Amino acid sequence: MMKSSARISKSGSNTKTRSPGFKKKEQSGFFAQNDPGKPFFGPATLQPKLEIGQQDEPHESETLKSPRLKNNKRFQAVFENKSVIEYGDQGPEVRRIQQMLIDLGYSLPEYGADGIFGPETEQTVVNFQADHPPLIIDGRVGFATIRVIDDYFPSFEITADLSEAWTIGCVLEIMCPWNSHIIENILPGFTIYMFDDFEIPQKEWTGSGWVDNPMHPRAYHWPAMNEIGFRSDLSCNEAAIGFYHEAWHAQQPPRITHVTLDREVDAFIQTEQWSIDIGIAGQVNESSNSDVKSIRSENNGQTEVDEELTRQHVSQRYGGASEIPGETIHSKTEDKNKLRVRRADGTFYERYPIEGEIVPFFDEIEFTEKNELDIGDWTCD
Ligand SMILES: [Zn+2]
């Protein structure tokens, strides 16, 4: 189904993704438009709340097929035309829809996948619908729209050994079915490196003094240098996760990237959700360099990303993550017990550290064996 080579270009963007393979019968009448001459969006609309009254409503016996959507009651209700996800909604389902739109190459340039269905998300749904005629262009995720999204993320088998050392081939096998946008549109915008190791020197304030708490990243995204890099000794599972995580960083809006804690929590949450959906091991395990050994939890038989554990993990591991919301710890000051801190608005001030806060020393990083990877011929075709 995903072998279709049809290409679409999106308004306001030069990115491309695959078109889902439509069945002809799904188009007849199913997407009947109430007023085909008037595209519109916005909460002030005369459209009925649900997409009710059209000729071919979905059958209740049908279910969503994608691992990213099925087994979720809200998504299934949307699929059965009993609910709609729209302007004003909030929560994990909104965030997951936002994530899937971003994975398809639709940007949310100011707010990202924040779980709030505001004007930006509504406009993005409008753009998605406009690219997928004959969907009704109303900025709401109803049964017809969720069916198109469902087709983009089919379940698939991974044949590569996930525990083996990574190769480009095994990573592409994991990424291409859902994330050709990352491989073909995001990564080529960066110089990609493979490295053996590097250390970010970090010092943690214990409450009475500083102790070393260095970090050895598995992957990195360095916007100032336009670089993304991956450790050479990762497993295929770890490398795929690193690709998604770093590519996610590359698509985050400035309001998130400016705050270390927010930036990492967002990337960890989205990457962990993706790894759950795809069925591979997550980012945090027994060997994690924090008290947190997993950022997943079980709820009613469903595996979910645990946001509180994610926050704990990031704040214990990442230099720069401040205990005060919106702040980023920049450096130590001349007074060795004070911090130079950046507020959310970009201004700086100095204050004493809070127990557990970590200062990074980015200008002291030294790589071992850092080699550029030629991704010129990476493709998902
Ligand atoms: Zn990160």
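**Note on a predicted model: one residue, two helices, two cores**

1. L172 is partly exposed, because 19 other C-beta atoms lie within 10 Å; by the convention used here, a residue is buried if 20 or more other C-beta atoms lie within 10 Å of its own, exposed if 12 or fewer, and partly exposed in between, with C-beta atoms placed from the backbone. L172 is found in helix α6, where helices (H or I, at least four residues) and strands (E, at least two) are DSSP runs numbered from the N terminus.

2. On provenance, this is a predicted model, in which local features need pLDDT of at least 70 and side-chain atom pairs count only at pLDDT 80 or more, while totals for chains, interfaces and linings use all residues. Residues are numbered from 1 along each chain as its sequence is written.

3. Leaving aside neighbours within four places in sequence, L172 is in contact (C-beta atoms, placed from the backbone, within 7 Å) with I183, W378 and C380. Of these partners, I183 is 11 residues from L172 in sequence, and their C-alpha atoms are 7.9 Å apart.

4. As for the protein as a whole, there are 10 helices and 14 strands, and buried residues make up 39% of its 381 residues. Among contacts with a separation of 6 or more, 60% join residues 24 or more positions apart.

5. Helix α7 (residues 236-251) and helix α9 (residues 260-278) have axes that come within 9 Å and cross at roughly 135°, the axes being lines fitted to C-alpha atoms over the stretch in contact, with angles running from 0 to 180 degrees between N-to-C directions. That angle makes α7 oblique to α9, since angles under 35 degrees count as roughly parallel, over 145 as roughly antiparallel, 65 to 115 as roughly perpendicular and the rest as oblique.

6. At this meeting, I241, Y244, H245, W248 and H249 in α7 touch R263, A267, Q270, T271, W274 and S275 in α9.

7. The largest nonpolar core (a set of buried Ala, Val, Leu, Ile, Met, Phe, Trp, Tyr and Cys residues joined through C-beta atoms within 7 Å) has 43 residues, and those with the most contacts inside it are V171, I182, A240, F243 and Y244. Helix α7 gives the most to this core, with 8 residues. Y244, not counting residues up to four places away in sequence, touches N179, I182, T271 and W274. Apart from this core lies another, of 28 residues, among them L64, I85, L104 and F128.

How values were computed
Contact = placed C-beta atoms within 7 Å.
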